[in-house]
Amino acid sequence: MSRLSPPPRPIAVHPTPPDGTASGPRRLVIRGQLHRPLALTVGDLRERWAQRRAEVVFDCATNGPQHHTFDGPLLREVLDAAGPAFDARRRKDRSRFLLAVTGGDGHHAVLSWAELDADFGDAPVLLATAMDGRALDEAGSQLVVPSDRCGARYISAITGIWVGTCAVPEG
């Protein structure tokens, strides 16, 4: 379930410092094989991209079924602003790319670009800016994968997203 807000404003991002650190509000750093690495706050995610809504239920290994409503932009729209370094005209080029999402607690999740891409899986994965009506500015953005029955890829307090290809397996 999603609702669209007005089109996002032009993007004026916070450049990622060479050492990868950022001062001020907590930033989520998007890096890797990109034309424009980004460092964004939860406020940036809320202000610059259309917000979608996802009402989800997922199983948590420690707390059982969880029911939540998340608001935030589509991950693929945010990543499009970073300019993944693939040839968008070549479908097979896009399908080689992976995303590694890291949370503030050290949890990680891996997704494929093909899961998100409208020509492939078209999954409505969000970078949440709010959970159950509460802004996530203090806690940090959360990865939301509405199609997952298990909550393992719901990464909290995202600190970074790496985008790129992995080495081709031998054999």
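The protein chain I would like to walk through today has four helices and 11 strands, where helices are DSSP runs of H or I with at least four residues, strands are runs of E with at least two, and both are numbered from the N terminus. Please keep in mind that this is a predicted model, in which local features need pLDDT of at least 70 and side-chain atom pairs count only at pLDDT 80 or more, while totals for chains, interfaces and linings use all residues. Residues are numbered from 1 along each chain as its sequence is written, and side-chain values use heavy atoms, with hydrogens and water left out.

Of the 171 residues, 44% count as buried, meaning under 20% relative accessible area with a 1.4 Å probe and protein chains only, with exposed set at over 50% and partly exposed in between. The accessible surface of the chain, from the Shrake-Rupley method with a 1.4 Å probe, comes to about 9200 Å², and 54% of that belongs to carbon and sulfur atoms. If we take contacts, that is, heavy atoms within 4.5 Å, with a separation of 6 or more, residues 24 or more positions apart account for 62% of them.

Let me turn to strand β11, residues 158-165. Two strands are said to pair if DSSP finds at least two bridges between them; β1, residues 28-32, runs parallel to β11 and is joined to it by four bridges, whereas β5, residues 97-103, runs antiparallel to β11 with seven bridges. Trp-162 of β11 takes part on both counts, since it is the bridge partner of Arg-31 and also stands opposite Ala-100.

Next, the aromatic rings. Rings of Phe, Tyr and Trp (for Trp, the six-membered ring) pair if their centres lie within 6.5 Å, with planes under 30 degrees apart called stacked, over 60 edge-to-face and the rest tilted; a search of the whole structure finds four such pairs. For Phe-70 and Tyr-154 the centres are 6.0 Å apart and the planes at 50°, so this pair is tilted. Phe-70 sits in strand β4 (64-72) and Tyr-154 in the loop between β10 (142-144) and β11, 84 residues apart, so to speak of distant parts of the chain being linked is fair. Both of these residues are buried. Phe-86 and Phe-97 form an edge-to-face pair, 5.1 Å centre to centre with 75° between the planes, and these two are buried as well. Ring pairs also link Phe-58, Phe-70 and Tyr-154 into a cluster.

What about empty space? On a 1 Å grid over the protein atoms alone, a cavity is a set of points where a 1.4 Å probe fits but cannot get out, a pocket is an open set with protein on both sides within 12 Å along at least five of seven lines, and lining residues have an atom within 4 Å of a point. The largest pocket has a volume of about 220 Å³, and among its 16 lining residues Phe-58, Cys-60, Gln-66, Gly-151 and Tyr-154 lie nearest its centre. Strands β3 (52-60) and β4 are the elements that give two or more residues to that lining. There is one cavity of 30 Å³ or more; the largest cavity holds about 50 Å³ of space, and its lining includes Arg-26, Leu-40 and Ile-158.

Finally, helix α2: six of its eight residues are buried, so the rest of the structure largely encloses it. Among the buried ones are Leu-75, Val-78 and Leu-79, and just after α2, Gly-83 takes a positive phi of about 70°.

How values were computed:
Points joined across faces, edges and corners; volume = space filled by probe spheres on them.
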